[in-house]
Amino acid sequence: MEPIQIAEKIKEQFPEEVLDVREFRGQVSVTLRKGRIREICRYLHDDPELYFDYLVDLCGVDYLGKKDNRFEVVYHLFSIKHRHALRIKAEVPEEDARIDSVVPVWIGVNWHERECYDMFGIVFNGHPDPRRVLLPEDWEGYPLRKDYPVKGPEEEWKGFEEVLERSRKFRPFDWQG
Amino acid sequence: MEDIEKPFETKELTISMGPQHPATHGVLKLQLQLNGENVVKCTPYVGYLHRGIEKLGENRTYFAALPLTDRLDYISSMNNNIGYVNAVERLFGIDAPPRAKFIRTILAEMGRLSSHIIWLGTHVLDIGATTPFLLAMAAREEILDLFEMICGARLTVSYPRVGGIRNDITQEFLDKAYEFAMGFDSRMDDYETLVTENRIWKERTVDIGIISAEEAVNWGLTGGTLRGSGVDYDVRKYAPYDAYDKVEFDIPVGKKGDCYDRYLVRVGEMRQANRILKQCIENLPEGPVMADAPKFTLPPKDMVLKDMEHLIHQFILITKGPTVPEGEIYIGSEVPKGELGFYFVSDGTGKPYRMRVRSPSFIHASALTRLCEGGLIADVIANIGTIDIVLGECDR
């Protein structure tokens, strides 16, 4: 199916949910409300004509000051059987930065969602393992947000002193003496 | 005697494998919960090599972010560069000339060979065979020498450019590359003689880490790891880029989806890569190597040094970046590890508003949970080797 037809099909099925359909360089993106995202994903995965069995990627985008809803969660879908691709996006406002997890649909999305939480602070409802993935557990802030500086403050990460302390403790031999 | 008759006290043991462990291929930590020798639970921890490449990419122009991609999968940086420039070219709406596309394909396949050689060497080394590792490294050395010949760098090459390649390759390089390609099949025979039918190798890999086709797709596995389960998904065939639609090659697929099948798939891929390499060198067209799109590509260096207009042009492109149409694009490319995708959101300036790297190793590392649980602790090593991860790409 052509991606634009798929977008039409989603529109027919979920007329309330589709906010926008755009095409750029042959790739179609469908913007959705976040409320029924899991239901829509389940439909996209199960419908025999669409059959998006492979979730290529999930990531967040921060549109600070550019859009009304600050965040977008972007899903790249691909159907290996039908060889068609689609991008769906769910708008997530800053004050309610939560969205349903789609781990029940595609299990491989687990770490992508964890990374999205790690980098943007978007909480995924019903995620089986909602921890940070790339950064330490006690990290403060969400690095890929646009208001997070590229270069951090001069002070070191708080846990670093603790790690140094521990390494000193485990170094009982004084090689010099 | 009394001591022996006492019943043993048994309990589940939690151990950390890594981050400093020679068989984890980098700084990967696996927390294993063991019941005797059986793995009850396996939790991978990544992030030790996180450098924030996505954040850095958002604060650089499209040209300046290219060297960052070298540091993703540092074993096959050429493939990352090519994936990156392809995505950026599609975003800009320009097309590289045919000669550049063929040269990129040659280099991508050489990068694939060098990565698969490392994989083969280390994977069998982990399981206990030393000889193939030494042989494989000798072959990789030749590929790195060829890379050095064209761009001076062996690992972090940064050779392709948006709109083509940096400079044309020489006949000397082509001769040497062809010579290498002609001799490579017999090298493959050497490796396979040592490994493929080896009894110990088969005992360690057959029926280990089985994952069905449906499950592998659901997990989002790509590359040789997916094809071992019998799914012929390959970006080079499904969405051809560069010169892949002009060459003939097959996609080897496995049947069962165990470690041995994945091994066979990758070995087959190496032979196919060599086949592509030969075809590209034989059919290399003549012509320019940079696209004629002055608004989006850097001017040639010799012109910059001679001509004022070109100098101004270069200055503006380097400092401000090109004016890019607004929009968003995702382009995947087949790197040795799987599908490496770049997702750009452009807001019309010279820097990407959002640069996202979809790295295959990240997903493969997450699937270790699935592959290792229920197996033996010795098979964890085989599973890490078989999914072929590089932590630089996983952590970005």
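# Report on a two-chain predicted model

Leaving aside neighbours within four places in sequence, Glu54(B) is in contact with Leu144(A), Met355(B), Arg356(B), Val357(B) and Arg396(B). The model described here is predicted. Glu54(B) belongs to helix α2 of chain B. Because 21 C-beta neighbours lie inside 10 Å, and 20 or more are required, Glu54(B) counts as buried. Its contact with Arg396(B) joins two residues that are 342 residues apart in sequence, while their C-alpha atoms are 7.5 Å apart in space.

## The contact between the chains

Chain B contributes 31 residues to the contact and chain A contributes 26 residues. On the side of chain B that touches chain A, the elements giving two or more residues are α2 (53-58), α9 (213-219), β6 (327-335), β7 (338-346), β8 (352-358) and α15 (360-366). The largest share of this side, five residues, is supplied by β6(B). By class, the side of chain B that touches chain A comprises 12 nonpolar, 11 polar and eight charged residues.

## The sheet of chain A

In chain A, five strands make up an open sheet with mixed pairing, arranged in the order β1-β2-β5-β4-β3. The edges are occupied by β1 (18-24) and β3 (54-62) of chain A; each has a single partner strand, so one side of each is left without a neighbour in the sheet. From one strand to the next, the twist averages 20°. Strands of a sheet pair through backbone hydrogen bonds, in either a parallel or an antiparallel sense. The table sets out three of the pairings, each with one pair of facing residues.

| Strands | Sense | Bridges | Facing residues |
|---|---|---|---|
| β3(A) and β4(A) | antiparallel | eight bridges | Val61(A) and Glu72(A) |
| β2(A) and β5(A) | parallel | four bridges | Val30(A) and Ile88(A) |
| β4(A) and β5(A) | antiparallel | nine bridges | His76(A) and Arg87(A) |

Strand β5 of chain A spans residues 84-92, and seven of its nine residues are buried, so this strand is largely enclosed by the rest of the structure. The hairpin of β4(A) and β5(A) has four residues between the strands, and in this hairpin Arg83(A) adopts a positive phi near 55°.

Helix α3 (residues 110-120) of chain A packs on the sheet, where it touches β3 and β4 of chain A. The direction of this helix makes about 10° with that of β3(A).

## Helix pairs in chain B

Helix α7 (residues 171-195) and helix α12 (residues 259-282) of chain B have axes that come within 10 Å and cross at roughly 160°. Since angles over 145 degrees count as roughly antiparallel, α7(B) and α12(B) are roughly antiparallel to each other. The crossing of α7(B) past α12(B) is left-handed. Residues of α7(B) in this contact include Leu174(B), Phe184(B), Asp185(B) and Met188(B), and those of α12(B) include Val267(B), Met270(B), Arg271(B) and Leu277(B). In total, the residues of the contact of α7(B) with α12(B) comprise 10 nonpolar, one polar and four charged.

A second pair consists of helix α5 (residues 98-127) of chain B and α17(B), which pack at an angle of about 175° with their axes 9 Å apart. That angle makes α5(B) roughly antiparallel to α17(B). On the side of α5(B), the contact is made by Thr122(B), His123(B), Asp126(B) and Ile127(B); on the side of α17(B), by Ile381(B), Ala382(B), Gly385(B) and Thr386(B). The residues of the contact of α5(B) with α17(B) fall into three nonpolar, four polar and one charged.

## Two loop residues with positive phi

Most residues other than glycine have a negative phi. Asp207(B), which is not a glycine, has a positive phi of about 65°. This residue sits in the loop between α8 (199-205) and α9 of chain B.

Asp388(B) likewise has a positive phi, near 55°. Its place is the loop between α17 (377-387) and α18 (391-395) of chain B.

Are these two loop residues buried or exposed? Asp207(B) counts as exposed because 12 C-beta neighbours lie inside 10 Å, whereas Asp388(B) is buried, with 26 other C-beta atoms within 10 Å.

How values were computed
Residues numbered from 1 in each chain as written. Chains lettered and ligands numbered in written order. Predicted model: local features only at pLDDT ≥ 70, side-chain atom pairs only at ≥ 80, totals over all residues. Contact = placed C-beta atoms within 7 Å. Nonpolar A, V, L, I, M, F, W, Y, C, P; charged D, E, K, R; others polar. Pairing = 2+ DSSP bridges. Axes fitted to C-alpha atoms, helices over the stretch in contact; angles between N-to-C directions. Parallel < 35°, antiparallel > 145°, perpendicular 65-115°, else oblique. Left-handed = near helix turned anticlockwise from the far one by under 90°.
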